[in-house]
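Subject: Handover of a structure and the findings from it

Dear colleague,

Please find below the structure that I am handing over to you. I would be grateful if you kept it open while reading the rest of this message.

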Amino acid sequence: MRSLKKIHTILIVTASLWLAFTGFVYGDVTTAESQTGRADTVYVAGNPDAYPIEYYDSEAGEYKGLIPKLLEEISDETGISFTYVSAGKDNVQSDLARNKQVDMVTAITSKGIKACRLTDDLSTRVITTKEKGHTKTYYIGFTDIADKKEAASIKAALSKITEEEKTGILLSIANEGRGFSSRTLYVYATLAFAVAAVAVAVLALFISKKRRKREERIELVDPETGLGNARYYQYIFDNFIGDGRRNIYNGAYFSFDGERVENLWGEHIRKGIQGIAAEYLNSITEKDEYISRVDKDSFVLLFTGGNHEESYNRARKMITGLTEKLTSSNAQWRNLFHEGVCYLSQYPDSGSESFLYNMRQAYLHAEDKELSFYLGSGKQTRDKRKREKLCRQLNDSIEKGEFELYMQFIAESSGGNICGAEVLSRWQNREYGLLKPNEYIELLRETGNILEHDFYIFEQVCRLLEKWNEPPYEHLFLTCNSTRTSASKEGFADRIREIAERYTFDRGRLILEVTEDSVAGDEECINENIKEIRNLGFNVAIDDMGAGFSALADLYDNEIEIVKLERELLVTCKKARQKQMLRDLILMIHDLGARVICEGVETKKQMDFMASLDCDFLQGYYFSRPLPSDQWDNFLASKPTVSALPLRSLKES
C-alpha cells in the first residue's frame with residue numbers, strides 16, 4: 001500500500017512538472033500562464049465563459065470549444081502557433097488587450113470589440129448563434145501589436161472554414177458535453193510512457209472518476225435517459241436548424257399520461273415506460289436528427305424527410321414501432337402513447353418554443369380524439385391561438401358594446417313583399433375585425449357569457465322596435481335569437497320581462513327564436529320559459545326544423561307561432577318523395593296553428609317552389625343578405641313592405 005501511495009505521489013509531481021514545462025502543449029494551440037517561453041507564437045486572450053464557442057476547463061487546465069478547434073485548423077493551414085495566456089475563470093481580455101500583452105482576442109461580441117479597444121478592420125466574424133431567443137455574433141480581433149501579415153493569414157484561413165464545418169464541430173461539442181479532450185489524453189499518454197504501468201492504471205482510475213462527475217453535470221443531457229434535455233432541444237433548434245434547413249426538418253412530439261400510469265401501476269412502471277420509449281426513439285434517430293426528452297413523460301424528435309408524404313409515412317411508422325415495442329412488454333400498454341407531428345416548413349416564423357407549442361397542440365389533439373397520430377398544421381395552430389385570444393377578449397366585449405345588430409329581411413311567399421327581419425349578432429372585434437356568430441357563439445357558451453350576450457341583443461331589438469313604432473316600419477316584425485343554453489336557465493323569462501318593460505312597443509312584433517345548441521338544456525325549464533314568454537305577449541319561434549330533434553320536441557310540447565325550416569331541407573329537396581315529405585311537414589305545422597319560414601332561399605325557382613307548398617314566409621339571399629344598421633333604411637325604401645300581423649295562432653282559445 002505504501003508503495004502504491006509513493007507511486008501515486010511521484011506521478012502527481014511528475015505530471016505537474018511536465019505540464020509546467022510543456023505549457024499544456026495541444027498540437028499548435030497552447031495554454032501558458034504568461035507570454036514567456038515562445039517567441040514564435042500568437043498570444044491569445046480567450047473568453048472563459050462562452051460555452052460552447054469557447055470556455056476554460058479548469059479541471060483540464062485548458063481552453064475548449066469551437067474556437068480552439070478552429071485555431072488548430074488554422075495552425076495546420078498557416079503554420080502559425082497560438083498560445084492562450086492568463087487562463088482562468090475570470091475574463092481578463094480587456095486588460096490583456098489594453099496593456100498590449102496579447103496579439104489576438106477571441107470569442108468576443110461587438111461590445112467586447114469596443115471594450116478591448118479593437119478596430120473593426122482588425123476583427124473578423126467567427127459564427128452567429130441564437131441564445132435564449134437572441135442572436136449573438138462572435139468575433140476574433142487583433143490588437144495593435146499583432147503582426148499584420150499573420151493577422152491577414154489567420155483571417156484568410158478562417159474564411160475558408162465553412163459554416164457546415166463549424167456546425168459539425170459545435171454538434172460534437174454539444175453531444176460530448178464538457179468532457180475530457182484529446183489533449184488531456186495526450187498528456188497522460190506521455191506520462192504513461194515515462195512512468196510505470198501501475199501508475200498509469202492508478203491515473204486512469206482517477207480520470208474515470210473525474211469524467212463521471214463531469215458528465216453528471218452536463219447541461220444538455222437528461223441524466224435519467226441519456227438523451228438530450230429541453231435545453232438541448234432549444235440549443236439544437238436555435239443553432240443548427242436555420243432558415244435554410246427548415247424545409248427538410250419536421251418535429252414529432254411523443255407523450256403519455258404518466259400520472260395515470262403511476263396511479264394504476266406505480267412509479268416504477270412509469271419510469272420503465274419512459275425508459276423503453278427513450279431507448280426506442282434513440283434507436284430510430286438517424287444522422288443529423290436530434291432526440292430530446294423535453295419533460296418528464298414527453299419526447300421530441302427533430303427528424304429529416306423528403307416530401308410530405310415520406311415524412312407522413314415515417315411519422316406513422318414511428319408511433320407504430322413504439323406501440324409494438326411497448327406492447328411486447330405489456331399488452332396493456334398498447335394505446336399509451338400519442339404522437340403529434342408538424343412540418344417545420346409550415347411554421348416559417350416559429351422559434352424553438354413556439355414550434356414546441358405547435359407540436360404539443362398536435363399531440364393534445366391526438367390524445368383528445370384518441371388517435372395514435374395527428375399531423376398538425378399552421379392553420380390549426382393559428383385558429384387555436386385565435387380562439388384562445390377571443391375567449392380572453394369576450395369577458396369585457398359586451399360591456400364595451402362590441403356586438404352590433406345586422407338584419408336579414410324576410411318576405412311573404414305570396415307576393416315577395418318584405419314583412420319582417422331576423423336580427424343577427426356580429427362581433428366587431430378589436431383585433432380580428434367583424435366576426436360572424438359561428439366564430440364566437442360557442443366561445444360565449446364556453447366562457448359563460450352567452451346569457452348576457454342574448455339579453456344584450458334582446459334589449460337592442462326592444463330599443464329598435466320602440467324607435468320603429470311609427471310609419472313606415474310600425475307593421476314589421478323582428479325575430480331575435482336566443483340560444484337553447486340561455487332559454488334553459490331559471491329566471492330567463494323574468495329577465496326578458498324586466499328588459500322589455502323599459503321600452504314601449506307592440507309585444508306581438510317581437511318573435512323570440514330558440515335556436516339549436518350543441519348542449520342540451522333543461523327541457524322542462526325551456527318549456528316553462530316558452531310558456532311565460534308567450535304570456536308576456538311575445539311570439540315564439542323554433543329554429544332549424546330538420547337539423548335536430550329539439551325543434552320537433554319543442555313543437556310537440558309547446559304552443560308555437562313560427563317554425564323555421566333549416567335550409568338543407570330546401571337545398572336537398574330534389575326527388576318527388578322528398579317534395580311530398582316537405583309539403584306534409586308544412587301542412588302538419590299549419591294544422592298545429594303555426595306558420596312557416598323557410599331559410600336559404602337564393603333563387604326565384606326556390607321561391608316559387610316554396611310558395612307552391614304554401615310556405616308562409618321566405619328568408620335568404622334572394623331577398624337580402626345580412627345588412628348593417630346604416631343600410632336598413634335604404635333597403636326598406638327600395639322594397640315594398642306588407643304587414644304579416646297578427647302572428648298569434650287563430651286556433652288558440
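The paragraphs that follow set out what was found, beginning with the whole chain and then turning to particular places.

Please bear in mind that this is a predicted model. The protein chain has 653 residues, and 49% of them count as buried. Its secondary structure consists of 24 helices and 24 strands. The accessible surface of the chain amounts to about 32,500 Å², and carbon and sulfur atoms account for 50% of that area. If one takes the contacts between residues at least 6 apart in sequence, 70% of these contacts join residues at least 24 apart.

Packing of helices

Two packed helices are described by the angle between their axes and the distance between the axes. Three pairs are described here, and helix H18 takes part in two of them.

In the first pair, helix H18 (residues 492-500) packs with helix H19 (residues 523-535) at an angle of about 25°, and their axes are 8 Å apart. Angles under 35 degrees count as roughly parallel, so H18 is roughly parallel to H19. The crossing of these two helices, H18 and H19, is right-handed. On the H18 side the residues are Phe492, Ala493 and Asp494, and they meet Asn529, Glu532 and Ile533 of H19. Sorted by class, the contact of H18 with H19 has three nonpolar residues, one polar residue and two charged residues.

The second pair brings H18 together with helix H16 (residues 450-467): the two axes come within 10 Å and cross at roughly 35°. The crossing of H16 and H18 is right-handed. H16 contributes Leu451, Glu452, Phe455, Phe458, Glu459 and Cys462, while H18 contributes Phe492, Arg495, Ile496, Ile499 and Ala500. By class, this contact of H16 with H18 has eight nonpolar residues, three charged residues and no polar ones. You may wish to find Phe492 in the model, as this residue of H18 meets residues of H19 and also residues of H16.

The third pair is formed by helix H22 (residues 576-591) and helix H23 (residues 604-612), whose axes come within 10 Å and cross at roughly 55°. H22 and H23 are therefore oblique to each other. From H22, the contact involves Lys579, Leu582, Arg583 and Ile586; from H23, it involves Phe609, Met610 and Ser612. The classes in the contact of H22 with H23 are four nonpolar, one polar and two charged residues.

Backbone details

Two cis peptide bonds should be noted. One joins Tyr51 and Pro52, with omega about 0°. Pro52 is found in the loop between strand S3 (49-50) and strand S4 (54-57). Another cis peptide bond joins Leu645 and Pro646, and its omega is likewise about 0°. Pro646 lies in the segment after helix H24 (632-637).

Positive phi values also appear in residues that are not glycine. Asp288 has a phi of about 65° and lies in the loop between helix H11 (267-283) and strand S11 (290-295). With a relative accessible area of 37%, Asp288 is partly exposed. For Glu370, phi is near 55°, and this residue lies in the loop between helix H13 (352-368) and strand S14 (373-375). Is Glu370 buried or exposed? Glu370 is exposed, as its relative accessible area is 71%.

Residues apart in sequence

Two further residues show how places along the chain are arranged in space. Lys155 lies in helix H5 (residues 148-159) and is partly exposed, with a relative accessible area of 24%. Lys155 and Ile74 are 81 residues apart in sequence, and their C-alpha atoms are 9.0 Å apart in space. Beyond its neighbours within four places in sequence, Lys155 is in contact with Asp121, Leu122, Ser123, Thr124 and Phe142.

Asp95 belongs to helix H3 (residues 93-98). Its relative accessible area is 46%, so Asp95 is partly exposed. A separation of 7.6 Å lies between the C-alpha atoms of Asp95 and Cys116, which are 21 residues apart along the chain.

Yours sincerely,
A colleague

Methods: Residues are numbered from 1 along each chain as its sequence is written. This is a predicted model: local features need pLDDT of at least 70, side-chain atom pairs count only at pLDDT 80 or more; totals for chains, interfaces and linings use all residues. Side-chain values use heavy atoms; hydrogens and water are left out. Axes are lines fitted to C-alpha atoms, for helices over the stretch in contact, and angles run from 0 to 180 degrees between N-to-C directions. Helices (H or I, at least four residues) and strands (E, at least two) are DSSP runs, numbered from the N terminus. Angles under 35 degrees count as roughly parallel, over 145 as roughly antiparallel, 65 to 115 as roughly perpendicular and the rest as oblique. A crossing is left-handed if the near helix is turned anticlockwise from the far one by less than a right angle, and right-handed if clockwise. Contact means heavy atoms within 4.5 Å. Ala, Val, Leu, Ile, Met, Phe, Trp, Tyr, Cys and Pro count as nonpolar, Asp, Glu, Lys and Arg as charged, and the others, Gly among them, as polar. Buried means under 20% relative accessible area, exposed over 50%, partly exposed in between (1.4 Å probe, protein chains only). Accessible areas come from the Shrake-Rupley method with a 1.4 Å probe; for residues, only the protein chains shown count as cover.
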